[in-house]
Every structure is written in structure tokens, then in C-alpha cells.
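Welcome! Below are some exercises with worked solutions, so take a look at the sequence and the structure before you begin.

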Amino acid sequence: MISAATPDVARATARLRALLGDRLYEPGDPAYATTTRLWNGAVQRSPALVAHCRDADEVAHAVRIAAHCHLPLSGRSGGHDWAGRALRDGGLVLDLTGLNAVRVDPDAATVTVGGGVTAADLLAATRPYDLVVPTGTVGDVGMAGLSLAGGYGPLCGRFGLTLDNLLGAEVVLADGRRVTADPRHDAELYWALRGGGGNVGVVTELRFRAHRLPGVLAGMIMFALAEAPAVLRGYGALIAEAPDELTVMTGFLPGPAGEPVFFVCPFYSGPDLDAGLPWMDRLRALGTPLVDQVAPMPYADALRMFDGGMVDGNHYLLRTRWLPALTDGVADVLVDAARQVSSPFSALAVHHFHGAATRVRLADTAFGLRTDHLMAEIIAVWPPGEQSGPHREWAERTSTALAPHALPGGYPNLLAPEETDRVRLAYGANWARLRRAKRRYDPHDLLTAVPTLPPSVHPR
């Protein structure tokens, strides 16, 4: 195994310096601090080196050097890895932010992006053509990390997960080879990339199917915390009837006075936005809205509703559960958690998985759950300097309370590194095939991305 040998940092430094010059960063360099900073300020890791790569050849050379010098390897793109797996102590970080090209082919309705491109970068490039690619809810998230593990988002019902729209990828394997993965070139690698979490290679380029979407009917409808029990139950009944074009996120966000407020955030993406108006009226009628900001708007503008909600540099701990439905028991747990929240910055988000995402056959991608469900995101947030204990306890208590109502496993991008048993359950029938792919493409476990997979090779 790579980890069994002593890392040769001095040799790696010399070889990478010859390759990259002043784009190799060491502790103490001004750029080192910038390139090892993550969204989650609680992550404290000390990589030995950071390689700022500008193209796939440089990535391939850097991967070979890491392997030959026995350095742990990780990749950093958008920097939104809450668990810190983008940084490995004593390892080499591949800073992919320099791979930031976006190419739009409006005739073919495809978009090709570099491994460092964020959702906001992509949408800015496609906007002049009224094209979109399904993304998550935060524009600063890297498209590579989002796509490789899943990609829940506001267009899930109509266009599927982000990974369902991945047509192909350029990949650097753990031995430094550059390969293409798509249905005609290494179909097994293509399968493993879509849901396997980046554990089988470093993706330097992704090609997506794009969809014409001039605008969406979207916005925030907020209710007082006291109304949450009734509105949540109404929400559960409404989404059971929702068409593909309507995906509705819900949960609790920090209010202006520190008390959590309950929100529903609908995205209607049908060709006739007026057809979504009755659904908006039904959502409003679930209670007495404190805020009602639903309006037609470009998709990229709608995503900005979440900008600034989770501040870079705060400390974060995430937990997640897959829920088959929003039952009374689930509603009770969520409301109790909101009432007992340990920090005015923390939040609960419930993502809506339905429609087109459920019509992809389970065996067609590595992603392990294709039935209608909700994905609960428990987000504990506290400022630097505060003790983590109360916030960790709140997140763990909420996750434990949801467990009896939950499906096995959970969304791999949000599972903690130590939750390897839940990772296995998350892939279900796809687990054995994904493990074989891991052994085939990275037999020495050079790559440990999201989610964390148990080692392919066990020590003797």
C-alpha cells in the first residue's frame, strides 16, 4: 500500500519544483494559506505541498510523482469539502482551480468544463444561450465534486441528478495515465465516476448534457417557527403529488432575530411558468407567509438565494439521513431540532428527490438509491473560538432521532469519513461493483475522496 512506505517529501518537492516552478507551494508561502483554506474553518490539516496545476498533463505528472514518492494525494477544486478530505496531512494537494475553462456548444447542447469550474462559472457561460446544467443549490461548489457523488438540486425532478447529465470525463488514473471515460471509452470507469465520489481517478474535464431553460418560477416562502408542524405536514402531502417540473426544498434557516424560521423553496421548471402558479398558491396556503419572494427568474439568479447563507470560515459539522417520506414522526423530529438548535447559524435542509432522477436504472450508475425520497441535511454551524461540543451534540442527536424513520445509508457527499458502514449501505446493490472498480483503477489506494471507501488492499 502507498501508506506503508515513508513519504519522500524532499524528492517530491524537487521534482514538482522542476515541473511547476513557483506554482508549487510549501508551508510558509503566501499562496499555501490560500490554497489550503476550505469553506469549513474547523478543518485543520497540514499538507506538505500544494501543486497548482494548469492542465491535465501537469496533473498527470504530479500524480506520478506522488505515487513514486509515497505521498498521500488529494484534490481541491471548489473548496466546499466540509469534512476536509480535500486536504491530507503530510500529503500533496492538487489545486485544480487553474483548470477553469468552460466551453459551450449550443448546437449540440453540451458544456465542457475543467476540473476547477464551479456551478456559478458554468451557469454564467451557459446563460447567454438559455441553457442550464442541473447543479446543487450553492454556486461556489465545484462541479467535479458535486457530480462525482450525486448532485441533488432544484432541477432534480425534471432533469435528474447532476451526475445523470455527465456525458463523459477526462481522468488521470492513480498510475498517471490520462484516459477518457464515457459510454464508448472505458464504460466501467464512466459507471464508477457517476456516484463513486472521485475515488477512482482525478477528473480534469467533464462534459455535460445541457437543457434549454430560459427561466424558472422560484423563490423563498417563509413561515414562523410556530407554524412549522402544520406546514411541514402539508408540504409532505403536496410533494407526493408534484410533477417532474416542480422540485421543492424545505427546512429551517436562521431568522433575523436568531430564531429559526421555516422555509419552502420551490423551483418550477416547466416550459410554461404560469402552469406553476397554482402550485405556488398551494404552498402559500399551507400557513401565513412571513416572506413570499416567488417570481420568474433565470435559474442562475434563483441559486443566489442561498449565497451568503453559510459563511466561509465558520465551523461546520454535517450529518445526513435518507427519508422515504415526510411522515408525522419525521416532522416532529425536525421541528424539535429547530426548537433546540444550539447556534443561531445552524440550519436544517430537506432535499426533494423524485421524477427524472428516479427513472434512471439503479445499475446504470454507481449512485445507490433511485426511489422517491427526501435527503435531510443537518448543518451545525458555529463561529471560530466557540467550543464544538454543544453543536456536535445537536447534530448527532438530530441524526439519531431521524434514524428510525430513515432508509439505510445516506448521501455519500455528506457522510462523515468514519461512517464507512453507512457508505457501504448507501451503495446497496452497487457496492461490490464499485469496490471492484476501486481495486482496478486504484489498487494501492492513492486516492481517498468523497465518500471515504475502506481500503482496497488490507494490511497483512
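**Exercise 1. Find which residues V171 touches in this predicted model, not counting residues up to four places away in sequence.**

Step 1. Start with the residues numbered in the 170s and 180s: V171 touches R177, R178, V179, A181 and L189, among others.

Step 2. Move further along the chain, where the list also includes L193, G201, V202, V203 and T204.

Step 3. Place V171 itself: this residue is found in strand β8.

Step 4. Ask about its surroundings: is V171 buried or exposed? Its relative accessible area is 1%. The cut-off for buried is under 20%, so V171 is buried.

Step 5. For contrast, pick a residue elsewhere in the chain. Y235 is 64 residues from V171 along the chain, and their C-alpha atoms are separated by 41 Å.

**Exercise 2. Describe how β8 is joined to β9.**

Step 1. Count the bridges: four of them join the two strands, which run antiparallel.

Step 2. Look across from V171, and you will find V179 in β9 standing opposite.

Step 3. Follow the chain from one strand to the other. β8 and β9 form a hairpin with five residues between them. In the turn, G176 has a positive phi of about 90°.

Step 4. Now walk along β9 and watch the side chains alternate. V179 and A181 point to one face and are buried. R178 and T180 point to the other face and are not buried.

**Exercise 3. Work out the strand order of the sheet that holds β8 and β9.**

Step 1. Read the order across the sheet: β5-β6-β10-β8-β9. This is an open sheet of five strands with antiparallel pairing.

Step 2. Identify the edges. These are β5 (102-105) and β9 (178-181), each pairing on one side only.

Step 3. Consider the twist: on average, neighbouring strands of this sheet are turned by 15° against each other, direction ignored.

Step 4. Zoom in on β5, which pairs with β6 (residues 110-114) in the antiparallel sense over four bridges. Here D105 stands opposite T110 in β6.

Step 5. Which helix packs on the sheet, touching β8, β9 and β10? Helix α7 (residues 187-196) does, and its direction makes about 100° with that of β8.

**Exercise 4. Describe how α7 packs with α14.**

Step 1. A general reminder helps: two packed helices are described by the angle between their axes and the distance between the axes.

Step 2. Apply this to the pair. α7 and α14 (residues 431-441) pack at about 115°, with their axes 10 Å apart. Their crossing is left-handed.

Step 3. List who meets whom: E188, L189, W191, A192 and G196 in α7 meet R433, L434, A437, R440 and Y441 in α14.

Step 4. Sort these contact residues by type, which gives six nonpolar, one polar and three charged.

**Exercise 5. Locate the nonpolar cores.**

Step 1. Recall a general tendency: in soluble globular proteins, nonpolar side chains tend to be buried together.

Step 2. Take the largest nonpolar core, which has 78 residues. V171 and L189 are among those with the most contacts inside it, as are L122, L193, Y299 and F367. With five residues, α7 gives the most to this core.

Step 3. Then find the second, separate core of 42 residues, which includes L217, V248, A331 and L374.

**Exercise 6. Compare the surroundings of D130 and D445, which each have a positive phi of about 55°.**

Step 1. Begin with the background: most residues other than glycine have a negative phi.

Step 2. Check the residue type: D130 is not a glycine, and neither is D445.

Step 3. Find their places. D130 lies in the loop between α4 (119-126) and β7 (131-132), whereas D445 is found in the segment after α14.

Step 4. Finish with accessibility. D130, at 29% relative accessibility, counts as partly exposed. D445 has 11% relative accessibility, so this residue counts as buried.

Technical notes. Residues numbered from 1 in each chain as written. Predicted model: local features only at pLDDT ≥ 70, side-chain atom pairs only at ≥ 80, totals over all residues. Heavy atoms only, no water. Pairing = 2+ DSSP bridges. Axes fitted to C-alpha atoms, helices over the stretch in contact; angles between N-to-C directions. Contact = heavy atoms within 4.5 Å. Left-handed = near helix turned anticlockwise from the far one by under 90°. Nonpolar A, V, L, I, M, F, W, Y, C, P; charged D, E, K, R; others polar. Core = buried A, V, L, I, M, F, W, Y, C linked by side-chain atoms within 4.5 Å. Buried < 20%, exposed > 50% of the residue type's maximum accessible area, 1.4 Å probe, protein only.
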